[in-house]
Amino acid sequence: MEKEELDKILNRYARNPSQIIAILHEIQDAERYLPEPDLRYVANELKIPVSQIFHIATFYKAYSLKPKGKHICNVCMGTACHVRGAPLVLEELERKLGIKAGDTTEDREFSLSTVNCLGACALGPLVTIDGEYFGNMNTAKVEKMLEQVKAKGNGGEKPKEETEEAIAEVSSEKAEEKKHTGEKKAEPAEEKPKTKTPVRKKASDQKKKTSEPKPRAGKKGGKK
Ligand code: FES
């Protein structure tokens, strides 16, 4: 990034070192990654150690030190998606894009990565590209999905309601399926009869009993 551009960003935050997170976000948004020379320049201008900036840049997943693609493709590898075939979908994506998860294509069109549960398990196997949800994925759908994203160009984000509708649709389909298969509700476990547990006497009661004075025995063989 040009120095003037970096200065504009720094000035927007009054060159305040406590605003470093927001500053890095702006650079990441503009460049799609955090170039090392930019980080060194920012460290120098804000008078903070370069190591501190690198620590922040590598700590948060939102930042990347490697150039990112125009389209960010995430494959969910959470348990629900995994058991429904997510590894096969990932393999197909890696084959079609010619990269491994964590990498970016040479033309910087796609970045591929894996995530753990996107919170829409009912749609699994699930893939997101630029925030758009592609549910119930399989290897046959991969090519069409990539073509669709390329055709769109900007990979526009699907409105949230559409995703929620899709989740609701899948849930209602599942409920219907359950009804038809006559799946019974799990019966509650049989309640065990309660057994009386002997009540332990308090130690203090025991003590009390033993410390009670014994009645004196009458004199034996008294005077007649
Ligand atoms: S496991 Fe994939 S969305 Fe939850």
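P125 sits in the loop that links strand 2 to strand 3, and the peptide bond leading into P125 from G124 is cis, with omega near -5 degrees. Helices (H or I, at least four residues) and strands (E, at least two) are DSSP runs, numbered from the N terminus.

A word on the model before going further. The structure is predicted, so to speak of a local feature takes pLDDT of at least 70 and side-chain atom pairs count only at pLDDT 80 or more, while totals for chains, interfaces and linings use all residues. Residues are numbered from 1 along each chain as its sequence is written, and side-chain values use heavy atoms, with hydrogens and water left out.

**Overall layout**

The protein has nine helices and four strands, which run along the sequence as α-α-α-α-β-α-α-β-β-β-α-α-α. Of its 224 residues, 30% are buried; buried means under 20% relative accessible area, exposed over 50%, and partly exposed in between (1.4 Å probe, protein chains only). Contact means heavy atoms within 4.5 Å. Among contacts between residues at least 6 apart in sequence, 60% join residues at least 24 apart.

**Unusual backbone spots**

Most residues other than glycine have a negative phi, and most peptide bonds are trans. Besides the cis bond from G124 to P125, here are two residues with a positive phi.

| Residue | Phi | Loop | Relative accessibility |
|---|---|---|---|
| R32 | near 65 degrees | between helix 2 and helix 3 | 34%, partly exposed |
| D130 | near 50 degrees | between strand 3 and strand 4 | 17%, buried |

K47, which follows helix 3, also has a positive phi, near 55 degrees.

**The first helices**

Helix 1 (residues 3–12) and helix 2 (residues 20–31) have axes that come within 10 Å and cross at roughly 145 degrees. Axes here are lines fitted to C-alpha atoms, for helices over the stretch in contact, and angles run from 0 to 180 degrees between N-to-C directions. The crossing is right-handed, meaning that the near helix is turned clockwise from the far one by less than a right angle (anticlockwise would be left-handed). Helix 1 brings L6, I9, L10 and R12 to the contact, and helix 2 brings I23, E26 and I27. Five of these residues are nonpolar, none is polar and two are charged. In this count Ala, Val, Leu, Ile, Met, Phe, Trp, Tyr, Cys and Pro are nonpolar, Asp, Glu, Lys and Arg are charged, and the others, Gly among them, are polar.

In helix 3 (residues 36–46), the buried residues are D38, L39, Y41, V42, A43 and L46. Their packing partners are helix 1, helix 2 and helix 4 (50–59).

**Helix 7 and its cover**

The 14 residues of helix 7 (residues 139–152) should span 20 Å at 1.5 Å a residue, and the end C-alpha atoms are 21 Å apart, which agrees. The expected span is 1.5 Å times one less than the number of residues. Which residues of helix 7 are buried? They are V142, M145, L146 and V149. These cover an arc of only 100 degrees around the axis, so they lie on the same side of helix 7; the arc is that of the directions from the helix axis to the C-beta atoms. The face turned away from the buried side carries the exposed residues A140, K144 and A151. The cover over the buried residues includes strand 1 (71–76), helix 6 (86–97), strand 2 (110–115), strand 3 (127–129) and strand 4 (132–134).

E94 belongs to helix 6. With 15% relative accessibility, E94 counts as buried. Leaving aside residues up to four places away in sequence, E94 touches I99, K100, A101 and L112.
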